[in-house]
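Trainee: Could you take a close look with me at a single part of this structure? I would like one connected walk-through, starting from one spot and working outwards.

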Amino acid sequence: MASLFQQSMPSTGPGYSFASAPTHHSSSGPRQHAFYPYTDNGGSTLGISGATFTILAGDTRSTSGYNINSRYAPKLFRIGGDGPENEGARIVLSVVGFAADGNALKERLDTMVKMYRYQHGKEISVHACAQRLSHILYGKRFFPYYVTAILGGLDDEGKGALYSYDPVGSYEREQCRAAGAASSLIMPFLDNQVNLKNQYDPASGEGLEKVMRVPEPLPQETVEQLVRDAFTSAVERHIEVGDGLQMMIITKEGVQETFTPLKKD
Amino acid sequence: MNHFPEAWGRPRDDIYGSYNASYLPQSRGGLQSHHQPTTHTQQPIVTGTSVLALKFSTGVVIAADNLASYGSLARFTDVHRLKPFNKRAVVGFGGDVSDMQYLDRLLNSLDVEENYTSPTGDAKSDDDRALVDAPLMSAKNLHTYLAKVMYKRRTDFNPLWNALLVCGLDEKDQPFLASADLLGTTFSAPSMATGFGAHLAQPLLRRVAPDEAATQELSKEKAVEAIKECMKVLFYRDARSMNEYSVAVIDQSGVELKEDEKLENQSWAFADRIKGYGTQTV
């Protein structure tokens, strides 16, 4: 099994997202071409949590190499709730990377959250759901789901909760996170605008006198505008991002979904 | 004849001696300890090229040529790669032909199973049943099923080397079109094309149907015409294609499948104006 990961992704496309994939070693003679079970479907996702809400967003383009598979392939999924349409769900999962694994992961988490309600007679907390998602991912540690997941909801106190993951289940609760193809373009913008990195109080002095601005939860309108700006900018500089922006806003009223067109070029 | 039916028709032990199973593996009662290695498809052998499909206001049109290639050899010229499942779903297969035949057999057994087990509404007899709208498996159901088969097989490192387009009507009788490939990746769009068609035909189809709203306005005739034009472009430029093809239209009235269509009005007249890769003007 180890030899499986000793090769790079097939070079049929740009493959920016998995730049850390192991490179090919030409040491031990000719190597037979084997079936490679992963691909990269591009796209980007982003989540920001506020005092009373969490926003998850993702573009709706699906790519394979330089081809566009579809202009509307959602990366955001409601988890739990009732029936196949997840009515009344309060948790949202976003997955980016290998779309087939993303779908399989979504279905497993959704089934598990629904089973939880039948078995315990109450809705699962985001905290518990987040830990379970980590376990599902780690359960396939040696044949991972090739996805970066972000889970959003409201915690027991009604505050916005956002959990981000790596493909093998390492996770943490954060204020904001960008994932996927354009994560390296979006994340520094979020660091600066949400966590106020490198921002100083202009009223404070110069040099050592400078005082860092203290980050605090942002209002919902500001966050929505930040998300739109992040994606319109990412579309300009990354070919795998575009077509449409899907947003899911989780508040105590429920999940509100919006769609905004992005450039289709 | 004795009362052991499993022995009937076999060479009699009292005449020929007991069966020598020594060459069989131990699992079959033999002596051989080594098993044959399990074999998985590592590459497609006999292949079909592109499949094209396009949604229109009341249904879907799908097409694929009738060629099965063995590498660059045009090996079989009468292979039908559109498989109707029921009266509201058709699957188009690209990629390995033997895997297509396996999936076709799988779908046939699924169809038989569905016809035995699905509730028949208020039908009183078999004759009534044909008239009553029994809950048929929709194209969407079929796509979910096939996508799971494909994903399971890739997860087992034993992929079915195909790119599928599943089209027809969903449970609300709305046009449905989606794909699944050997990795289990799935997606849906107003127009879809597998293989070379993704490069050559998809841009032309997207000009006809850029989004879902445009498909609502598209007539059946316009859609069929667009698909036929794309089949012609593919025959001009895809070296693994053929001028005989199948085309199916699925709408409320059922599946209309034609398996021996021929390309019409071909002309290479445009070719003498092409310079370089076609973008050169001087």
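Mentor: Let's start at A:Arg71, in a model that is predicted. A:Arg71 has a relative accessibility of 25%, and because buried means under 20% and exposed over 50%, A:Arg71 counts as partly exposed. Its side chain meets that of A:Asp243 in a salt bridge, with N and O 2.9 Å apart. Now look at where the two partners sit. A:Arg71 is in the loop between β4 (67–70) and β5 (76–79) of chain A, while A:Asp243 is in the loop between α4 (220–237) and β11 (244–251) of chain A. The two are 172 residues apart, so the pair links distant parts of the chain. A:Asp243 has a relative accessible area of 1%, and because that value is under the 20% cut-off, A:Asp243 is buried. This salt bridge therefore joins a partly exposed residue to a buried one. The pair also has company: A:Arg61, A:Arg71 and A:Asp243 are linked in a network of salt bridges.

Helix α4 of chain A takes us to another pair. The side chains of A:Glu236 and A:Lys263 meet in a salt bridge at 3.0 Å, N to O. A:Glu236 lies in helix α4 of chain A, and A:Lys263 lies in the segment after β12 (254–261), so this pair ties together parts that are 27 residues apart in sequence. A:Lys263 is partly exposed, at 40% relative accessibility. You can set beside it the salt bridge of A:Lys252 and A:Glu253, where the closest N and O atoms are 3.8 Å apart. Both A:Lys252 and A:Glu253 are exposed. Over all chains, the count comes to 27 salt bridges.

Let's step back to chain A as a whole. Chain A has four helices and twelve strands. Of its 265 residues, 49% are buried. Its accessible surface comes to about 13,300 Å², and carbon and sulfur atoms account for 51% of that. You saw A:Arg71 and A:Asp243 meet across 172 residues; for contacts in chain A between residues at least 6 apart in sequence, 62% join residues at least 24 apart.

From here we can cross to chain B. In all, 27 residues of chain A are in contact with 19 residues of chain B. The area buried between the two chains is about 1,800 Å², with 57% of it from carbon and sulfur atoms. Two salt bridges are found across this interface. In one of them, the side chains of B:Lys148 and A:Glu107 meet at 2.7 Å, N to O. Seven residue pairs are in polar contact between the chains, counting pairs with both residues at pLDDT 80 or more. On the side of chain B that touches chain A, α4 (139–155), β10 (186–188) and α5 (197–200) of chain B each supply at least two residues. Helix α4 of chain B gives the most, with four residues. By type, that side of chain B divides into nine nonpolar, seven polar and three charged residues.

Helix α4 of chain B is worth a further look, and B:Tyr145 lies in it. B:Tyr145 is partly exposed, with a relative accessible area of 28%. Beyond residues up to four places away in sequence, B:Tyr145 touches B:Leu106, B:Leu107, B:Leu110 and B:Met137. Take B:Leu110 from that group: B:Leu110 and B:Tyr145 are 35 residues apart in sequence and 10.0 Å apart in space, C-alpha to C-alpha.

Two residues in strands of chain B round off the tour. B:Ser179 is in strand β9 (residues 175–181) and is buried, with a relative accessible area of 6%. Leaving aside neighbours within four places in sequence, its contacts include B:His143, B:Leu164, B:Thr186 and B:Phe187. B:Asn162 is in strand β8 (residues 162–169) and is also buried, with a relative accessible area of 2%. The side chain of B:Asn162 reaches the backbone oxygen of B:Asp96 at 2.9 Å. Apart from neighbours within four places in sequence, B:Asn162 is in contact with residues including B:Gly94, B:Asp99, B:Met150 and B:Asp181.

Methods: Residues numbered from 1 in each chain as written. Chains lettered and ligands numbered in written order. Predicted model: local features only at pLDDT ≥ 70, side-chain atom pairs only at ≥ 80, totals over all residues. Heavy atoms only, no water. Contact = heavy atoms within 4.5 Å. Buried area = accessible area lost by both parts, 1.4 Å probe. Salt bridge = Lys/Arg side-chain N within 4 Å of Asp/Glu carboxyl O. Polar contact = N/O pair within 3.5 Å; in protein donor to acceptor, adjacent residues only side chain to side chain. Nonpolar A, V, L, I, M, F, W, Y, C, P; charged D, E, K, R; others polar. Buried < 20%, exposed > 50% of the residue type's maximum accessible area, 1.4 Å probe, protein only. Areas by Shrake-Rupley, 256 points an atom, 1.4 Å probe, with all protein chains shown as cover.
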